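Please open the structure in your viewer and keep the selection panel at hand. The tour below goes from one selection to the next and says what is found at each stop.

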Amino acid sequence: MQPDDVRRVLAPKLAERLLGVEPFAGTLGKVRFDRSAALETFRAMRDDLGFAHLSMVGGIDWVDHREVLYVLWSDAAKQYVLLSTDVPANDARVETASAVWPSANWHEREAWELVDITFDHHPDLRHLLTPDGYVFHPLLRSFKLHEPEDLEVKVRHV
Amino acid sequence: MSNATLYSVSYAISHDILFAIGSAVGGSWGRSIEASGLVTGLAVLIFAAIVLAATMINTIVLIWYERKLLGRFMDRRGAMHVGYAGLLQNFADGFKLFRKHTVRPRAADQVGFFFGPTAYVVTSLIIFGILPISSGWSSGALPLTLLLALAVFSFAPLFIFISAWSSNNKYSLMGGLRSAAQMIAYEVPLLLAVVSVVIVAGSFDLSTIVYEQQNYWFWGPLVVALVVFVAAMLAEMERIPFDLPEAEAELVEGWNTEYGGMLFAFFMLADYLRALVGSILVVLLFLGGWTLPSWVPAGATSFPLAGIFWFMVKTYIVFGLFVWVRASLPRVRTDQLLRIGWNRMIPLALLSVFLAAALVSVRHCLPVFGCLPSPGG
Amino acid sequence: MSEMWINMGPQHPMTHGLWNLRVQIDGELVLAVDPEMGYLHRGIEKISEDRHYNEVITLMDRTCYVAGLAWEHLYLLAAEGALHVTPPERALYLRVLCEEFQRIGSHIMWYAAFVQDIGLMTPFLYGMRDRDLILDLFQSYTGARLTYEYMRVGGVRNDLPTGFTDHARKVLDWLIPRFKEYDQLCLGSTIFRKRCDGLGVLKGPEAIAHGVTGPMLRAAGVRRDLRKDRPYAVYDRLDFDMALADTADVTGRYLVRMEEMRQSVRILRQVLDWLDHHPGPVVAERLPRWLGAPYAPVGAEGYLLKRNYPKGVGFAAIEEPHGEALSYVVNEGGEHPYRVKFRSPVFANLSAASTYLVGYRVADIPPIMGSVDVCVGEVDR
């Protein structure tokens, strides 16, 4: 499979919401799409292009916006492809991928609790690695490791 | 000493002690001390004390033997530090458990909580007063020793259940029920295998059973009964491969989860006492007890306490077999275990009963079995 | 009894790690499962953002402490991609040596814990004895038995001591008959088969949808092994077979891991032969000095300055002993990585717990969870 195949399948469905298919060393490429096209992109990747395996969903905090990274694998093509969408920091929401790939469930829980990205229609968005009721999102750049947390705010009772 | 029995030795000691005290005191007090009731009473106490001491030492050595043998199976040495080759390790463990604070849950049933393990240990110890170890070391006047020993042995599920229920912990209760179910399920094949031996020996008295094995040990013709008995004994003793109730303690569902300190020590002690009882019963019923085959030279059987010596050798070999099984096999799941007990062991045990009956009917026709005086004589 | 939720953990001898398996049971039957993770969450990804590239390596050992060198390798493949550094060939072979010995060690550790849960006490100690030989090998060239810190950006820290390859070959010769012994003790035991056959079934399509990888996936018959499908380091030059089974149950996973150990021995013999005949440098020549001063590799020519250093993003995937692990390293030109993100195979394998645990008995949970080979350190990071 070539990056052009991906572009050829996605372009008709997403039109201008497909922001680009960039080369990325070691993979098929990095597909950047607008977050409103999330569900269509996921369905197209799984059903039309055969990426049945969602390996990872990760969040990266770029301070003014956050990047949601998806890594997919295709057994037929034996290749990875990266999907990426940007969400603004003040409205960090994107549609969940767990309806399309059940493996997204726990990855999205982790991305939410660490990088504060809310996944709409996620079946079970609660804490996974951090304690229940922990109010901080530690992997944001604004969370400094060397400053003490405000102990009064620390754990909200659930 | 060849005609001395343990009771006669105890009686002699008691008699000597009381008569020495009586003659030292003198007068009417002295004569009342020498009364036969008192002598008999003290003799019984001395008998019990000797049996208790011997049993406890034997059990401690048995535990040491298991730890070392199990270690060797696992390519390691076992306990080495406390005492020479770890001989004092179990005393150290017992002392540690003795010192530990027994946590008593407030909501537990106080009487049952203490009664369960205590009764469990006591009934396991009682059996040792009944089992004969040699022609001299026996309870003498008790008839039907086999029946009595097995009856006391079967109390265990009751006390496990009492302990589990008294813990006031629903998981312990479930674990106790499972454990009791396992023991009760395997009582039936156990007793049927014993019935085979009784049919061939013609008596419920253990000394007579050993006497009946003087020409041939029962492990040969009654091999099916032996297999059933050993397997059922492993389940009764809750050893691997049938120790899921003990492993359930890992799942916090064991029946002894709430116990600590000395009460826990009681459970462990009772486990090993029952293991010793199981091995002794195998030796008595199938391996000819304290006798050796007639082709063994006389020198091997004529030294003092030879009977006890060979009995212990056989017991430890049988227990070594149990340890070998423990080192090699995985655990059977409870439902599989119960299925084996009810669906496989009982038919096999019934088969052994029929074989025993067949053996009895043809015995006098086959020269190898010799000519035995009628049983019960 | 009516349905109730019980906690197996977080302190539990069976779970091999600090996590809580909540099961909803009705008597003996498991109705629902909710694994509760996070007890071992140490914030490795966050701490890495404050450390130099070479200093992150100490964290990787502790991510999965049973397969530390594999995780070091994973991180470094991505970090070297982000830093535009190419290690020399001998370093690549040494890394494969580490990873394959680590695979055997991890699988022996899995075997020992797995059979212990089923009740076999003896193979547990045989496994520990044999794993000790591998740990001794590690100690001879990395200096440690558990937390190695052996690899560096640009290669590895040092070369092998003399006589290592001969000793390693003796260890491999010792291990092959031991694997046969393990099989005799387990597959040859009727009780083991009765407890493990048909248990914890997870079929191929469902496994792929849930992101399951590694021996669990190959036991279902799915032909995926990253060392074959997307070779990294020097795996494309090595000759080995993929371990597969078709029963998708606990016994199948057992067979796959045993076969993987044998294939690892095969790989290692080839690697040892190559290492004997191809001496060379073990670290790249031109490396930035700011990688981490106390840990700078021996012989590094640090003349590249930080302000001129190009940015980059690195992505790597390895076939770790538990399955497929990913790493994503973002280099924004600073001394520290901007973001490191790891994907742990056990994370996905555990998230699929409701597919292979529901409907079985409580007494089946130890064998099934044992066959999943949980290493909590990498789940929680």
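**Where two chains touch**

Begin by showing chains B and C of this predicted model, where 17 residues of chain C are in contact with 19 residues of chain B. On the chain C side, select helix H5 (122–142) and helix H7 (190–196), which are the elements that give two or more residues to the side touching chain B. If you then colour this side of chain C by class, you will find 11 nonpolar, three polar and three charged residues.

**Chain C as a whole**

Next, hide chain B and look at chain C alone, whose secondary structure comes to 15 helices and eight strands. Its C-alpha trace spans about 70 × 40 × 35 Å along the principal axes. A compact globule of 381 residues would have a radius of gyration near 21 Å, and chain C agrees with this because its own value is 21 Å. Buried residues make up 56% of the 381 residues in chain C, and, among its contacts with a separation of 6 or more, 70% come from residues 24 or more positions apart.

**A covered strand**

Now select strand S8 (residues 339–343) of chain C, which is mostly covered, with five of its five residues buried. With side chains shown, C:Arg339, C:Lys341 and C:Arg343 point one way from S8(C), while C:Val340 and C:Phe342 point the other way, and all are buried.

Finally, add strand S7 (residues 323–331) of chain C, which runs antiparallel to S8(C) and is joined to it by five bridges. Here C:Tyr328 stands opposite C:Lys341 in S8(C).

Methods:
Residues numbered from 1 in each chain as written. Chains lettered and ligands numbered in written order. Predicted model: local features only at pLDDT ≥ 70, side-chain atom pairs only at ≥ 80, totals over all residues. Contact = placed C-beta atoms within 7 Å. Helix = DSSP H or I, 4+ residues; strand = E, 2+ residues; numbered from the N terminus. Nonpolar A, V, L, I, M, F, W, Y, C, P; charged D, E, K, R; others polar. Buried ≥ 20, exposed ≤ 12 C-beta atoms within 10 Å, placed from the backbone. Pairing = 2+ DSSP bridges. Rg over C-alpha atoms; globule rule 2.2 N^0.38 Å.
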